[in-house]
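The following exercises concern the structure shown below. Each task is followed by a solution that proceeds step by step.

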Amino acid sequence: NPRHPLIIRLLEGAPPEDDEDFKVDSQIEDAAWILHEMALLNGGFPLSDPEAHTKRMMKFMQSQLGVESMALAPEPDLSVQEEEPPEFDEEYLDDALPKGSSPEDAIPLTPDENGNLHIEL
């Protein structure tokens, strides 16, 4: 669609037909490639150069997120601290269970001669 805002912006950055010395801005060129690759992927076609696509996308994301350097952050100190489990009162635990939640409260289920279970509520 030649009226789409992205296409209009890409065309603004394209070289004029009679200017062989015109240098296309790298952001315009990358945007054109990304648009082309999106169309390929949406059409179910493979990318001819997935590595170049990844580099373009990383550069785009770095720019959009304002990341100045791709150097990794220092390793965090992940020392394990042993924690003591909390103590609990077993009598309180028994009292805290709602009625019908212990195995003793379970309704015995036995199938009839056809193997069907019948539950009366």
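**Exercise 1. Characterise the backbone of G66 and the helix that precedes it.**

Step 1. G66 adopts a positive phi of about 70° and stands just after α3. The model is predicted, so local features require pLDDT of at least 70 and side-chain atom pairs count only at pLDDT 80 or more, whereas totals for chains, interfaces and linings use all residues. Residues are numbered from 1 along each chain as its sequence is written, and side-chain values use heavy atoms, with hydrogens and water left out.

Step 2. The 16 residues of α3 reach 22 Å from the first C-alpha to the last, close to the 22 Å expected at 1.5 Å a residue. The expected span is 1.5 Å times one less than the number of residues.

Step 3. Place α3 in the fold. The protein chain has four helices and zero strands, in the order α-α-α-α from the N terminus. Helices (H or I, at least four residues) and strands (E, at least two) are DSSP runs, numbered from the N terminus.

**Exercise 2. Determine how many salt bridges the structure holds, and analyse three of them.**

Step 1. The count is four, a salt bridge being a side-chain nitrogen of Lys or Arg within 4 Å of a carboxyl oxygen of Asp or Glu.

Step 2. Take R56 and E37, whose side chains meet in a salt bridge at 2.2 Å, N to O. This pair links distant parts of the chain, with R56 in helix α3 and E37 in helix α2, 19 residues apart. Both R56 and E37 are buried (buried means under 20% relative accessible area, exposed over 50%, partly exposed in between, with a 1.4 Å probe and protein chains only).

Step 3. Take E51 and K55, with closest N and O atoms 3.6 Å apart in their salt bridge. About one helical turn separates E51 and K55, because they are four residues apart in helix α3. Both of these residues, E51 and K55, are exposed.

Step 4. Take E12 and R9, whose salt bridge has its closest N and O atoms 3.8 Å apart. Both lie in helix α1, three residues apart, about one turn of the helix. An α-helix has 3.6 residues a turn, so residues three or four places apart point the same way. E12 is exposed at 55% relative accessible area, while R9 is partly exposed at 46%.

**Exercise 3. Describe the largest pocket and its lining, then examine D30.**

Step 1. The largest pocket holds about 520 Å³ of space. On a 1 Å grid over the protein atoms alone, a pocket is an open set of points where a 1.4 Å probe fits, with protein on both sides within 12 Å along at least five of seven lines; lining residues have an atom within 4 Å of a point.

Step 2. Its lining comprises 18 residues, with Q27, D30, A31, I34 and F60 nearest the centre. By class, nine are nonpolar, four polar and five charged.

Step 3. Assign the lining to helices. At least two residues come from each of α1 (5–12), α2 (26–42) and α3 (50–65), and α2 gives the largest share, eight residues.

Step 4. D30 belongs to helix α2. D30 counts as buried because its relative accessibility is 15%. Its side chain joins that of K59 in a polar contact of 2.7 Å (a pair of N or O atoms within 3.5 Å, one able to donate a hydrogen and the other to accept it).

Terms used: Grid points are joined across faces, edges and corners, and a volume is the space filled by probe spheres set on the points. Ala, Val, Leu, Ile, Met, Phe, Trp, Tyr, Cys and Pro count as nonpolar, Asp, Glu, Lys and Arg as charged, and the others, Gly among them, as polar.
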